[in-house]
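Got your viewer open? Load the model and keep the selection box handy, and we'll walk through it stop by stop.

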Amino acid sequence: MSTPRAVASSHARRDRGGMPWWAAACFLLSGAAGLIHEIAWSKQLGYLLGSSLQSVATVTAAFLAGLALGARFLGARLARRSDPARVYAALEVGVAVLGLAMLPVLRSLDGPVGLLYRGLGGEGTPFALARVVLLFVLLVPPAALMGATLPVLVARCERGALGAGLAWLYAINTIGAVLGSLLAGFVLLPGIGLFASVAVAAGLNLLAAVVAFVQKPAPAAARTPVAAEVPRLVLLSPSARRVVGLMFALSGFAALALQLAWVRLYSLILGSSVYSFAGVLGVYLAGIALGSALVGPWLARMASPGGFALLQSALAASVLVGLRADHDLPRAMLELGERMGTSWGGLVFAQLGLVLPVVFVPCVLLGALFPVTTRLLQTGGGAEATGHAYALNTLGTIAGSLVTGFVLLPWLGVHGVVNLAACIAGAIAVLALALPGMGFPTARTSALVSAFVALALLASATLPKWDPVLMSLGTYRPFSAQNLMTSFRSAGGVGDPTRAVSSAQKVLFYREGINASVLVASDLEDRRRWMRVGGKIDAGTGDMLTQVLVGLLPACMADTGARTLIVGHGSGATAAAALAAGVGSTDIVELEPAVIAASRFFHEGRPDPLDDPRVTLHLEDARTQLAHGAGQYDLIISEPTNPWIAGVNALFTTDFYRRVRTRLAPDGVFCQWIQIYELSPESWFSLLSSYVEVFPDAQLFCLWRSSDVILISAPKGRTLAYDRITAASVEPALREARLADAIDIAAFAAGPAAAARAHAASATLNTDDHPFVEYRAPRDLVEVGRAKASPHPDVVASLTRTLALPAGSPLADWPRERVLAVRARAMLADRGDIDPAPVVAELRSLGMAALADSVRAEHVTRVRSAYGQQLSAQLREASARGDAQAARTALEQLATIDAATPEMWGALAAARLDAGDRDGAAAAAARALRGLAGAARAPVLLVAGTVAWNQGRHAEALVHAAAFEALVPQDARGYDLEARVRLAQGDRAGALRAVERGLVQAPADASLLTARRALTAAPAR
């Protein structure tokens, strides 16, 4: 039995900040479980209600509201029970039970949500309100139990004035959240899926419950009535506490505004994958945990109006000073990617170094603010104060999430939101010092607050202007980084490559959208345009082949006038192609409104598909529209962005394809775009297998040079209508795709999709419960994208490329000889300098002997031409650096493939003469003279004459010398050559006459003057 002295000693240790080990363990487990639950629930809710910002913000608001209500009302009341540890255990059991039940409940709501969606008008306000009510009903109960755990555990560990115990509990719970986020994102969801991850989280809840339940009740002596300590608990007057409560809610608003702005900033720098979000969130939470832990021992001293003001002013300054680094982040990411190479794990870890300078210090200060403010607001028990402070701050974060996402980011942009949040913190600091009832801060505190506020103002005033092109370069993506460096080096750039390349572009459109930043830019001459969404190019004039064919091919396989749904608008080229091919009423579903405005810049001077009377635009999540909309479609085209982007993978799962199947008419056509670049074989086969699992009879088209695949599922026997694809209305779309003729499409037909799938012995299906690709593809972006400029060889190998059309081809009724010609030429052209014999032999076996000969001749000519261009480039480089030997080598190689120009033959003649190859020089000179005219013949004539003189063919040498003199009479070399030849003939007088004629044209020429002296001085013979 504990003695009173021992109890008192233990109580004193708790007042100094000690806490039972089991409490720390429980809250660590609870924090980890809470984040795993939240991530899994949010993902499942995204499947049910969509991944638009409206849906995400509503989910966040409902979850935070549950936490606030639980902390304020449930936790504070339950903490008054005699044994808070047992109460805490019961709460954890409740979270586990509700957590396990959540996913099955959500998955059973498809039908009711569909009825609400159709009955209330889809994406309108009534359905949005119904969604809010539904989410609150679903999420508030489990979130309230989570929110109640902190006040209850505080009641068990803290008596009297709140101290380090609260700070440590808050820090440990936040550390658990960091671990839960990492565990969910890097281990559980990629490895075992959603439901199993929730089961793990429930297991952690139950483990925490068991640990708490087996603890002995606190000794009676440690449960001193709080009422006896009230006088020393109260630090502020009632009016001051109300003001501090309001300011703490505003602080929560600013904290969420900062979090959203930082997430938007780093989605441009690190990419928008689940791992990028996890990294930013991890640093955010780790900073909060450290701040709460660090302030614990100093809480008694910091829990004052001056301390509160000091933290807020330091927050304002650190936020703005850190933001000054943002314009250096694109270059830092570029250099980091080059240093890390193909190490995805190393890159993810190293990226934290880019997040820390901007995010970490402000988050440490935010973490310190919670225990400090909670102590300031305390008037009674610690649990009640904790619940009250937690609820106030959480209400602010709810408002910050909604207002920032829907209003502030689109209106003010990243810099504007950060500035506003810093201003709020600075204003809170000043008000905390100025308002009556707050006490009188020391002069030192006032000076520090003033200094931090002044620093914040200076940092804000000198903050570099936001450069949308620089910040949207997408240097996180190896492909973009390599293109950037190529452009930089080819221009002879020096200094910062990111700034040099961005300065060579101009902004046509930029908007911070609700879901992402959207940029339309061009080169300075406006020859090319591209659209970047979140820093990634999603459309551009250089990629029109894919955009056009994704619309054109399925539209020409569907019935004329087909009711059509297009997922993802991009530049609008896909919609324009489908409309040109004769589809009927068309629904376009696009998540980001800014993309719609940006797409207008790709249709200047020609019809915009959005203005077509057949088109209806839906600004919402495509899964929501497909899952809950009414009616069936004759044609569905899905062209979202890449599946490595967070949330997009939901449009590549078997569950999504089954939703498509239910909305597709019995004789309908479904088209899906899939990339093959930057994908591992595992990801590729997962994507392909998931599609074929639902649409087994699909045909595959591969745009080989673009590394894009188009999958089309159509009724058996349906073909690609040749008359429709060659119609006059389609010609503009073909020109947009840079196709000379519709027949060129025959090169892309790659056979049944099932045949490609057969190359994978086993593939992991990409499902809603196990979103395999969403977690694997970001790794591929680095491991495959940086290691291989082209698609992975094993991916390419799975795409069979045959000359004859496979059985059941949708091109079966196209002109056979023209199709074979296109496919043969494309096979030889796309695969470089390969032996044409197999293709030629197959053409002959198919009865196309004349075509075989023609294709072979064209291939040889093309290969020689390409090789000649390569050698010509080597020649230019060698000549520029004065490397005569390398130049001659290039010339000799050009001569072997008969690719040298007359000028090159002339240069080769001179090079051979210098090397002593007189016969070779004569032959090269003769070739050159057959193709040259005018003054260009002169240097070759000189070489030919010199060779003839050296070989004793004097008459020929004199002919060349005379021709040279006639072309360039002022050039003394012709007269000098003539004099040497005549002297060799024994005609000394003739030689002297040649020299005299030359001196008339070039009186100061040293060689002629020397020759005259020699000829006149010597005795005649």
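The tour goes through a hairpin, some cysteines and a pair of loop residues in what is a predicted model.

**Stop one: the hairpin**

Select residues 505-512, which make up strand E1, together with residues 517-523, which make up strand E2. The two strands run antiparallel, and seven bridges join them. To see one of the pairings, pick Glu 512 in your selection: its bridge partner in E2 is Ser 517. Now follow the chain across the turn, where a hairpin of four residues takes you from E1 to E2.

Stay in that loop and click on Ala 516, which sits between E1 and E2. Is Ala 516 buried or exposed? Its relative accessible area is 15%, so it counts as buried, the cut-off for that label being under 20%. Show its surroundings next: leaving out residues up to four places away in sequence, Ala 516 touches Arg 264, Arg 511, Val 533, Gly 534 and Glu 592. For a sense of scale, draw a distance from the C-alpha of Ala 516 to that of Ala 756; the viewer should give you 35 Å, for residues 240 places apart along the chain.

**Stop two: the cysteines**

How many disulfides does the structure hold? Zero. Select Cys 423 and look for the closest cysteine sulfur: that one belongs to Cys 363, and at 18 Å the two are too far apart for a bond. Then jump to Cys 671, where the closest cysteine sulfur is in Cys 556, 12 Å away and so also too far for a bond; a disulfide would need the sulfur atoms within 2.5 Å. While Cys 671 is selected, check its accessibility: at 0% relative accessibility, Cys 671 is buried.

**Stop three: two backbone angles**

Keep a rule of thumb in mind here: most residues other than glycine have a negative phi.

Select Glu 678, in the loop that runs between strand E9 (664-675) and helix H26 (681-694). Phi of Glu 678 is near 55°, a positive value in a residue that isn't glycine. Glu 678 counts as buried because its relative accessibility is 7%.

Last click: Arg 738, in the loop between helix H28 (731-736) and strand E12 (749-752). Here, too, phi is positive in a non-glycine residue, with Arg 738 near 60°. Where Glu 678 is buried, Arg 738 is exposed, with a relative accessible area of 61%.

Note on methods:
Residues numbered from 1 in each chain as written. Predicted model: local features only at pLDDT ≥ 70, side-chain atom pairs only at ≥ 80, totals over all residues. Heavy atoms only, no water. Buried < 20%, exposed > 50% of the residue type's maximum accessible area, 1.4 Å probe, protein only. Pairing = 2+ DSSP bridges. Contact = heavy atoms within 4.5 Å.
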